[in-house]
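Visitor: I should like a close look at one part of this protein. Please take the packing between its helices and follow the contacts outward from there.

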Amino acid sequence: MNTIIIATDFSDAAFNAAQYAAYLTRYIPVNKMILYHSYYDLIATDTPLADTEYYLQLQEDSQRRLTDLKGLLKLKAADGIIIEC
C-alpha cells in the first residue's frame with residue numbers, strides 16, 4: 001500500500017479517523033495521504049438548480065478546511081509523507 005485516501009465531512013469522528021490514519025503512516029509503508037471532501041452532490045437536470053456562486057463558495061470553504069486539516073495531520077504523520085488535498 002502506497003497511499004491512504006481519507007474522506008472527510010469535517011466532523012469530529014472524521015477528524016479522529018484522519019488522525020488515526022496519520023499515526024498509521026509511522027508504522028506501515030505509506031508514501032502519500034490524500035484528503036478528500038465532496039462539497040456538493042451533482043444532480044443532472046435540464047435547468048440549473050442553484051447559483052454557481054454558491055458552489056464556488058462551498059468549494060473555497062472546503063479547500064480552506066482541507067488545507068487546515070493537512071497542517072494538523074502533517075504534525076502527526078511520519079516524516080516525508082506527502083499530503084495532498
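Guide: What follows begins with the chain as a whole, turns to the helix packing, and then follows the contacts outward.

The model is a predicted one. Its chain contains 2 helices and 3 strands, and from the N terminus these elements alternate in the order β-α-β-α-β. Of the 85 residues, 25% are buried. Among contacts with a separation of 6 or more, 77% join residues that are 24 or more positions apart.

The helix pair comes next. H1 packs against helix H2, which spans residues 52-74, at an angle of about 40 degrees, and the two axes are 10 Å apart. H1 is therefore oblique to H2, because angles from 35 up to 65 degrees are neither roughly parallel nor roughly perpendicular. The crossing of H1 past H2 is right-handed. On the H1 side the contact is formed by Phe 15, Ala 18, Gln 19 and Ala 22, and on the H2 side by Leu 69, Leu 72 and Leu 73. Sorted by class, this contact of H1 with H2 comprises 6 nonpolar residues, 1 polar residue and no charged residues.

Gln 19 deserves separate attention. Gln 19 belongs to helix H1, residues 12-24. Its relative accessible area is 17%, so Gln 19 is buried, the cut-off for that class being under 20%. When neighbours within four places in sequence are left aside, Gln 19 is in contact with Leu 73 and Lys 76.

Leu 73 leads from the helix pair to the strands. Apart from neighbours within four places in sequence, Leu 73 is in contact with Ala 18, Gln 19 and Ala 22, and also with Ile 6, Met 33, Leu 35 and Ile 83. Leu 73 is also a member of the largest nonpolar core, which has 15 residues. The members that touch the most others in this core are Ile 4, Ile 6, Met 33, Leu 35, Leu 73, Ile 81 and Ile 83. Two or more residues of the core come from each of strand E1 (3-7), H1, strand E2 (32-36) and H2. In soluble globular proteins, nonpolar side chains tend to be buried together.

Ile 81, another of these core residues, is located in the loop between H2 and E3. Its relative accessibility is 4%, so Ile 81 counts as buried. The C-alpha atoms of Ile 81 and Val 30 are separated by 7.3 Å, although these residues are 51 residues apart along the chain. With neighbours within four places in sequence set aside, the contacts of Ile 81 are Thr 25, Val 30, Asn 31, Lys 32, Met 33 and Lys 74.

Further along the chain, Glu 84 is placed in strand E3, residues 82-84. Glu 84 has a relative accessibility of 35% and so counts as partly exposed. Between Glu 84 and Ile 34 the C-alpha to C-alpha distance is 4.8 Å, and the two are 50 residues apart in sequence. Not counting residues up to four places away in sequence, Glu 84 touches Lys 32, Met 33, Ile 34 and Leu 35.

One backbone detail remains, in the loop between E1 and H1, where Phe 10 is found. The phi of Phe 10 is near 70 degrees, which is a positive value in a residue other than glycine. Most residues other than glycine have a negative phi.

Note on methods
Residues are numbered from 1 along each chain as its sequence is written. This is a predicted model: local features need pLDDT of at least 70, side-chain atom pairs count only at pLDDT 80 or more; totals for chains, interfaces and linings use all residues. Side-chain values use heavy atoms; hydrogens and water are left out. Helices (H or I, at least four residues) and strands (E, at least two) are DSSP runs, numbered from the N terminus. Buried means under 20% relative accessible area, exposed over 50%, partly exposed in between (1.4 Å probe, protein chains only). Contact means heavy atoms within 4.5 Å. Axes are lines fitted to C-alpha atoms, for helices over the stretch in contact, and angles run from 0 to 180 degrees between N-to-C directions. Angles under 35 degrees count as roughly parallel, over 145 as roughly antiparallel, 65 to 115 as roughly perpendicular and the rest as oblique. A crossing is left-handed if the near helix is turned anticlockwise from the far one by less than a right angle, and right-handed if clockwise. Ala, Val, Leu, Ile, Met, Phe, Trp, Tyr, Cys and Pro count as nonpolar, Asp, Glu, Lys and Arg as charged, and the others, Gly among them, as polar. A nonpolar core is a set of buried Ala, Val, Leu, Ile, Met, Phe, Trp, Tyr and Cys residues joined through side-chain atoms within 4.5 Å.
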